[in-house]
Amino acid sequence: MNKHSAIDEKSAATTAAATGTVTAILLAISFSHMLNDTIQSLLPAIYPFLKDTFRLSYTQIGLITLTFQLTASLLQPVVGIVTDRRPKPYSLAVGMGFSLGGLVFLSVASTFAEILVAAAMIGLGSSIFHPESSRVARMASGGRYGLAQSTFQVGGNIGSALGPLAAAFIVIPGGQSSIAWFSLVALLAMVVLWNVGRWYATQIAGYLAAGKAKVASLHGLSSGRVKASIAVLVILTFSKFFYLSCLSSYYTFFLIHKFGVSMQASQLHLFVYLAAVAAGTFFGGPLGDRFGRKLVIWFSILGALPFALLLPYADLFWTAALSVAIGLIMATAFSTIVVFAQELVPGRVGMISGIFFGIAFGMGGIGAAVLGRLADATSIEFVFKFCSFIPAIGLLTVFLPDLRRPRPA
């Protein structure tokens, strides 16, 4: 570990706890995450609209998701490593500018290739936003890292839930050109993030000064055990987001094909599912702070398995109910996994956040592309039956160590 880039998080947590959580900053970064993910979720929410308008196949739908999420995922670890060494407070606003450009381009796209370019621009903005904003949330945590990460994440999940509503009531009635209105959302986020960046800039000196001392291990684990634990967390993240990409990308198609619901009704069902994801995210971090992160990971990933296995065989009412249960339970995992990994590798918040947010987007993109191809070759119902077994990968949680840390007062 580079001693000049390492952060004395124990000292920082003590200082932060003395001043308390910087609530305004934490809420601002969560609000910005909501706006960012509203933009992000708008893209998959309008897939049925794009499929009909441009006569796309399921494979092409999967390629749109792959382009967007690979752009977002590949750069995130790089951004995290660079900003661990030299934080970039105003990069948050700059990244949102790329998303703004992507929305404008999407609103006037006339070919499949242009849609891919717009998706890549939105993904690029996301890749810049997530690692640095996760660091800001941790800096404003007051030592309650799980609560801070959940607050940050729940903003994104609320935004993800708002995307289908925006698609149902704005894009579908208004047509492709109405997507341009969401550039105002990106502009608002840029203003908020510029002000967050100003606060962040005032904290850099103390933040880097604390990093001059090499971080001592807080968990006493060997380097090999830490690497093995990170590998398990990566696999668990893969299982979570591969399955969730099935629901978020193809849930509307599943409902339309199996139950014959309208396009707008399918968007409302998607909103209900994503709202459950937001609720689960909010509770995951605080529960991890209180009861231990490993226990929450056990519950969040493996606990969804029975409901996932039942979902492909349920009627419309129980499909909606089971999707809520799956979203609520499984969503408690991600903020807990991120904080768990940050505690395994203290002082590398940007790198860890970039890797795990990157894996989240990358696995979602790969999953969407693979599942789109599978849906074309078989059926959308078969895809949901196949994916129902993926949460069983959560059994690997048994190999994670128990990290016991005192709760802050």
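Leaving aside its neighbours within four places in sequence, which residues is M121 in contact with? I will open with that point and then proceed to the helix packing. Please bear in mind throughout that this is a predicted model.

M121 is found in helix α6. Setting aside the neighbours within four places in sequence, its contacts are F98, S99, G101 and G102. The residue is partly exposed, because its relative accessible area of 27% lies between the 20% limit for buried and the 50% limit for exposed. M96 is 25 residues from M121 in sequence, and their C-alpha atoms are 9.9 Å apart in space.

Let me now give the overall description. The protein chain has 16 helices and 0 strands. Of its 409 residues, 58% count as buried. The accessible surface comes to about 15500 Å², and carbon and sulfur atoms account for 70% of that area. If one takes contacts between residues at least 6 apart in sequence, 86% of them join residues at least 24 apart.

I turn next to α6, which spans residues 112-139, and to its packing against α2, residues 23-45. The two axes come within 11 Å and cross at roughly 160 degrees. That angle is over 145 degrees, and α2 and α6 are therefore roughly antiparallel to each other. The crossing of α2 past α6 is left-handed. On the α2 side, the contact is formed by I25, L26, I29, S32, H33, N36, D37, I39, Q40 and L43. Facing them in α6 are A119, I122, S126, F129, H130, S133, V136 and A137. Sorted by class, this contact of α2 with α6 has 10 nonpolar, 7 polar and 1 charged residues. As a general remark on spacing, an α-helix has 3.6 residues a turn, so residues three or four places apart point the same way.

The second partner of interest for α6 is α7. These helices pack at an angle of about 140 degrees, with their axes 9 Å apart. That makes α6 oblique to α7. Here α6 passes α7 in a right-handed crossing. From α6, the residues making the contact are F129, H130, S133, S134, A137 and R138. From α7, they are Y145, A148, Q149 and F152. The class count for α6 with α7 is 5 nonpolar, 4 polar and 1 charged residues. I would draw attention to F129, H130, S133 and A137, which appear in the contact with α2 and also in the contact with α7.

Between these two helices, what is the state of A140, buried or exposed? A140 is found in the loop between α6 and α7. With a relative accessible area of 0%, A140 is buried. Its C-alpha atom is separated by 4.9 Å from that of V22, although the two residues are 118 apart along the chain.

Within α7 itself, G159 deserves a comment. G159 counts as buried, at 0% relative accessibility. Leaving aside neighbours within four places in sequence, G159 is in contact with M34, D37, T38 and S41. In the case of M34, the separation is 125 residues in sequence and 4.1 Å in space, C-alpha to C-alpha. D37 is listed among the α2 residues that meet α6, and it is also a contact of G159.

My last topic is helix α3, residues 47-54. Its buried residues are Y47, P48, F49, L50 and F54. What covers them includes α2, α4, α6, α7, α9 and α10. Of these, I shall describe α9, residues 223-259. The axes of α3 and α9 come within 10 Å and cross at roughly 65 degrees. The two helices are therefore roughly perpendicular to each other. In this contact, Y47, P48 and K51 of α3 meet S249, T252 and F253 of α9. By class there are 3 nonpolar, 2 polar and 1 charged residues.

Finally, which residue just after α3 takes a positive phi? That residue is R55, with a phi of about 55 degrees. R55 is a residue other than glycine and lies in the loop between α3 and α4. R55 is exposed, with a relative accessible area of 74%, whereas F54 in α3 is buried.

That concludes my presentation.

Terms used:
Residues numbered from 1 in each chain as written. Predicted model: local features only at pLDDT ≥ 70, side-chain atom pairs only at ≥ 80, totals over all residues. Heavy atoms only, no water. Axes fitted to C-alpha atoms, helices over the stretch in contact; angles between N-to-C directions. Helix = DSSP H or I, 4+ residues; strand = E, 2+ residues; numbered from the N terminus. Parallel < 35°, antiparallel > 145°, perpendicular 65-115°, else oblique. Left-handed = near helix turned anticlockwise from the far one by under 90°. Contact = heavy atoms within 4.5 Å. Nonpolar A, V, L, I, M, F, W, Y, C, P; charged D, E, K, R; others polar. Buried < 20%, exposed > 50% of the residue type's maximum accessible area, 1.4 Å probe, protein only. Areas by Shrake-Rupley, 256 points an atom, 1.4 Å probe, with all protein chains shown as cover.
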